[in-house]
Amino acid sequence: MEATLCRNLDFKPSRCSPLSTKLKKPTSRPCHSQRFSCLYRRRSDSWRALIMPCAWYKPKSEEQHLGCQELLGSLGKGFFGFAASAAALVSVCCDSPVLAESLTVAFPVSRAQEVNTVQRTLVEAWGLIRETFIDPTFNHQDWDSKLQQTMVEMFPLRSADVAYTKISGMLSTLGDPFTRIISPKEYQSFRIGSDGNLQGVGIFINVEPRTGHLVVLSCVDGSPAARAGIHEGEELIEINGERLDGLNSEAAAQKLRGSAGTAVTVKLQSIKDSGGDSSIREVKLPREYIKLSPISCAIIPHRAADGRLTKTGYVRLSAFSQSAAADMENAIHEMESQDVQAYILDLRNNPGGLVKAGLDVAQIWLDGDETLVNTIDRDGNMSPINMFNGHALTHDPLVVLVNEGSASASEILAGALHDNGRAILVGHKTFGKGKIQSVTELHDGSALFVTVAKYLSPALHDIDQVGITPDVQCTTDMLSSPKDFLLKDKSSVSSLETDSCIMVAEHELDIQQSKGTAS
């Protein structure tokens, strides 16, 4: 979409000494992909790798399109080099007016080829973080010295796996659980998940920032995890007998995935609300083909206060995958053709996903040049992301349902619709993840997640570790009064029949309609 074009760097490096380089100013291009190109020059028993930016620098991003101007404004303006001898130099040169400097770091290069490859990945990751990480103090530490220290720690190693742990260790010192590196295999699984298809047990997990524990955000409807009664808030403590202490969410998800027909055993801990007592249970889950269809919908016949029989369109969005906006459009078009007069958009237990998908969904409901979200970069500069001459598919009244499992892109969407006066929020306070990560594929197929910006709602409300408080709270008690639903997904009949938050949402829609409000 127009608001999410990124400034990519149209690099044509000039010849330069090891301590300086001149690069052309960036030009605007759409974001698509990113790779470093490498030039090897053999010199007798040693080689020199010049890790140079490509003709243009294109990042692959999970939630990358926001703040890309800042993310890429200086990225790649460095020149990295190292030689395979007893020691080597890394030279980083910046032509930014603020970062006009030249840095040289000495480090020993491993003679073990697989470790040497990881050292190169380390330099790549270190440089990306140096230029883009949201905290310019790097958690109040000398980031340049951190590279040298980590290189020294890698030097005696003989295993790439162990060497990768050194990169993870370096990243952990930043104090941000969302800035992390994942292996090539984990990255492929991540991409499969964002595309909407995988083989696994159908569970969404995330690291709880305050405790560092892996917690369940939600389960895919009808999945093995859902059938086993696994629910949000449970802590995942073991997979196949292996403790998960210190493991990130991608690594844990990789252990849960596997070929359909196999099984995995998980151990979960749930904390009871009263008294803080906890219980631990072990569950064996079969792996199946999981279709991450992000949209399910229904038409709810509703008797208004004045006795009129109306139709309410219910749309549940479970994740922000690549198809989310297109699937949402199709659902609304179908329900509009059936004379729906109001809508409920259910974002409960939606853990987020692609931020661009969240913004695209917001534009389905909004008109004009509204602000969708505000991003704040590492220098504290705030940049609004606005629509351009938008046209909503419907102007019917809208209620958005949220809860503690609504996170990240869900909170961006809820904030955009609420602050622009388009929707009333019903439910419980949201999760509170107000940071945006870029996802960059590195030269070896691994991927680096870097927190590059934080975001505020259009009304400048801070969301990170705070969440969004809805306009109307609803209880979690299940009601018993039956209702007739015209469902596309018959399996959801029972839950919709007894969902008290949907009842509250319908009441709020009645109020809007009685006022003649199509907000």
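1. Let me start with the largest nonpolar core, which has 44 residues. Within this core, Leu317, Met328, Leu345 and Trp365 touch the most other members. Please keep in mind that we are looking at a predicted model.

2. Several elements supply two or more residues each to this core: the strands β17 (295–303), β18 (309–317), β19 (342–346), β20 (371–376) and β22 (398–402), together with the helices α8 (324–336), α9 (355–365) and α10 (409–419). Helix α9 gives the largest share, seven residues. In soluble globular proteins, nonpolar side chains tend to be buried together.

3. Methionine 328 is a good place to put your cursor. Leaving aside residues up to four places away in sequence, methionine 328 touches Ile295, Val315, Leu317, Leu345, Val361, Ile364 and Trp365.

4. There is also a second, separate core, and this one holds 30 residues. Among them are Val118, Ile129, Trp143 and Leu171.

5. Back to β22, where a question comes up: which residues point one way from β22, and which the other way? Leu398, Val400 and Val402 point one way, while Val399 and Leu401 point the other way, and all are buried. That fits the count for the strand, with five of its five residues buried.

6. The neighbours of β22 are worth tracing too. Strand β19 runs parallel to β22, and four bridges join the two. Strand β23 (residues 424–427) is likewise parallel to β22 and joined to it by four bridges. Valine 399 in β22 is a handy marker here: isoleucine 344 stands opposite valine 399, and in β23 the bridge partner of valine 399 is isoleucine 424.

7. Now to helix α12 (residues 500–514). The distance between its end C-alpha atoms is 21 Å, which agrees with the expected span because 15 residues at 1.5 Å a residue should also span 21 Å. At the start of α12, a side-chain oxygen of aspartate 499 comes to within 2.9 Å of the backbone nitrogen of cysteine 501.

8. The buried residues of α12 include nonpolar ones, with Ile502, Met503 and Leu509 among them. Glu506, Glu508, Asp510 and Gln512 are also on the buried list of α12.

9. Finally, the whole chain. The protein chain contains twelve helices and 27 strands, and 55% of its 519 residues are buried. Of the contacts with a separation of 6 or more, 69% are between residues 24 or more positions apart. The accessible surface comes to about 22300 Å², and carbon and sulfur atoms account for 51% of that surface.

How values were computed
Residues numbered from 1 in each chain as written. Predicted model: local features only at pLDDT ≥ 70, side-chain atom pairs only at ≥ 80, totals over all residues. Heavy atoms only, no water. Buried < 20%, exposed > 50% of the residue type's maximum accessible area, 1.4 Å probe, protein only. Contact = heavy atoms within 4.5 Å. Areas by Shrake-Rupley, 256 points an atom, 1.4 Å probe, with all protein chains shown as cover. Expected span 1.5 Å × (residues − 1). Polar contact = N/O pair within 3.5 Å; in protein donor to acceptor, adjacent residues only side chain to side chain. Core = buried A, V, L, I, M, F, W, Y, C linked by side-chain atoms within 4.5 Å. Pairing = 2+ DSSP bridges.
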